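Here are some friendly exercises to work through with the model in view. Try each task before you read its solution.

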Number of protein chains: 2
Amino acid sequence: MKETNGLKGCIEFLIKCDDMKDIERRNLNISSRRRENDAEHSWSLSMMAITLYEFAAEKVNLERVLKMVTVHDLVELYAGDVFAYDSERNIGKAQREAEAADKLFSILPEYKGTELRQLWEEFDRMDTPDSRYAAACDRLQPLINNFFTEGHTWQQYGVYPDSVLKRNEVVKTAIPDMWKVVEYFVAEGKRLGYFDKALKK
Amino acid sequence: MKETNGLKGCIEFLIKCDDMKDIERRNLNISSRRRENDAEHSWSLSMMAITLYEFAAEKVNLERVLKMVTVHDLVELYAGDVFAYDSERNIGKAQREAEAADKLFSILPEYKGTELRQLWEEFDRMDTPDSRYAAACDRLQPLINNFFTEGHTWQQYGVYPDSVLKRNEVVKTAIPDMWKVVEYFVAEGKRLGYFDKALKK
């Protein structure tokens with residue numbers, strides 16, 4: 001599979017990937033209260049996938065999961081981050097991201113571009129144990145960060161508790177022990193007023 | 001291996017890990033010229049390990065490599081980051097990091113704490129194909145970022161070209177095709193004056 005000529009493309013791709021550190025997300029980091037970026041978020045998912053591996057309910061291949069969470073947001077290098085609860089800006093997102101993927105993965109040697117694109121597509125489809133486990137981490141991590149920053153994003157955008165439960169549904173299948181934690185954080189969040197913008201409008 | 005009671009420790013550990021986003025390194029990110037943090041750096045190593053996998057000269061287990069690069073700097077949560085070329089502050093570093101590891105990994109259920117500690121120790125020893133490949137990525141990534149930020153760290157701390165070559169030596173064994181790239185970046189860096197602080201003092 002190795003193509004020595006492909007090394008240049010790999011380096012060029014890695015340099016482009018460095019810009020993931022400049023793509024801001026909506027949620028905050030816990031201590032600094034600074035907005036998280038895509039690189040930080042993706043690392044947190046690796047950390048979570050490693051830490052919670054024994055709690056995965058389906059048989060998962062951790063190597064594939066770690067690859068998936070590492071690359072799952074790369075298309076945002078060209079397509080930008082769209083907030084999960086922003087239904088308007090989510091229109092046309094799939095098309096924009098497919099075009100971004102064409103542009104990004106073609107920097108790489110073909111074997112590698114194809115591999116990463118397939119992992120990204122599988123992640124988005126959530127139709128395999130690996131992608132469900134990866135997606136569960138992707139839902140849980142911002143939920144935890146939102147809870148420990150007094151519901152920052154939920155308050156800012158008026159997100160409903162039920163929307164958070166719905167978005168985290170894959171956790172039920174992938175990491176059932178964590179579903180209880182999701183329910184706890186949402187219930188506690190309600191009690192503490194972290195959803196007041198939505199619930200009191 | 002699963003211990004349901006261990007879930008609380010896992011979550012507490014993940015919350016602590018979020019602070020990796022606040023530990024600044026010496027090198028800059030390429031576009032923003034902002035100092036990189038440990039979480040961003042670790043994600044970049046995952047990205048590099050995935051991208052350059054086919055160029056690894058020894059047979060490596062990518063799952064273990066990805067775990068290693070994800071956790072390799074975690075002890076800095078308690079021990080702080082020490083600049084690679086700062087020989088004075090590197091005295092006593094091993095002891096400080098071992099104490100930090102005791103503190104950090106004991107938050108986790110024992111099976112997981114032991115696993116991550118062993119991976120971190122193996123990474124540091126560089127005595128297996130997996131740890132050599134992981135360490136090669138750990139050396140290459142800041143080298144690339146330094147080159148594309150006009151030798152920022154090299155200039156700021158007066159680092160010699162030979163010190164960079166020496167620090168990157170593991171690349172020769174682990175990713176020989178990248179060794180030529182290391183030599184190229186160092187030679188070009190010299191030509192462009194990125195080592196002038198060391199060479200002209």
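**Exercise 1.** Find the handedness of the crossing of H1(A) and H2(B).

Solution. Start with the elements: H1 is residues 7-17 of chain A and H2 is residues 38-51 of chain B, where a helix is a DSSP run (H or I) of at least four residues, numbered from the N terminus. Their axes come within 10 Å and cross at roughly 160 degrees. That makes H1(A) roughly antiparallel to H2(B) (the angle is over 145 degrees). Finally, the crossing is right-handed, meaning that the near helix is turned clockwise from the far one by less than a right angle.

This is a predicted model: local features need pLDDT of at least 70, side-chain atom pairs count only at pLDDT 80 or more, and totals for chains, interfaces and linings use all residues. Residues are numbered from 1 along each chain as its sequence is written, chains are lettered from A in the order written, and side-chain values use heavy atoms, without hydrogens and water.

**Exercise 2.** Which residues of H1(A) and H2(B) make the contact?

Solution. From H1(A) come A:Cys10, A:Phe13, A:Leu14 and A:Cys17. H2(B) supplies B:Trp43, B:Met47, B:Met48 and B:Thr51. Contact here means heavy atoms within 4.5 Å.

**Exercise 3.** Work out what relation links chain A and chain B.

Solution. A rotation of 180 degrees with 0.0 Å of shift along its axis superposes chain A on chain B, with an RMSD of 0.0 Å (least squares on C-alpha atoms of residues with pLDDT of at least 70 in both). That is the relation of a two-fold axis. In chain A, the C-alpha of A:Glu63 is nearest the axis, 2.1 Å from it.

Definitions and conventions: Axes are lines fitted to C-alpha atoms, for helices over the stretch in contact, and angles run from 0 to 180 degrees between N-to-C directions. Helices (H or I, at least four residues) and strands (E, at least two) are DSSP runs, numbered from the N terminus. Angles under 35 degrees count as roughly parallel, over 145 as roughly antiparallel, 65 to 115 as roughly perpendicular and the rest as oblique.
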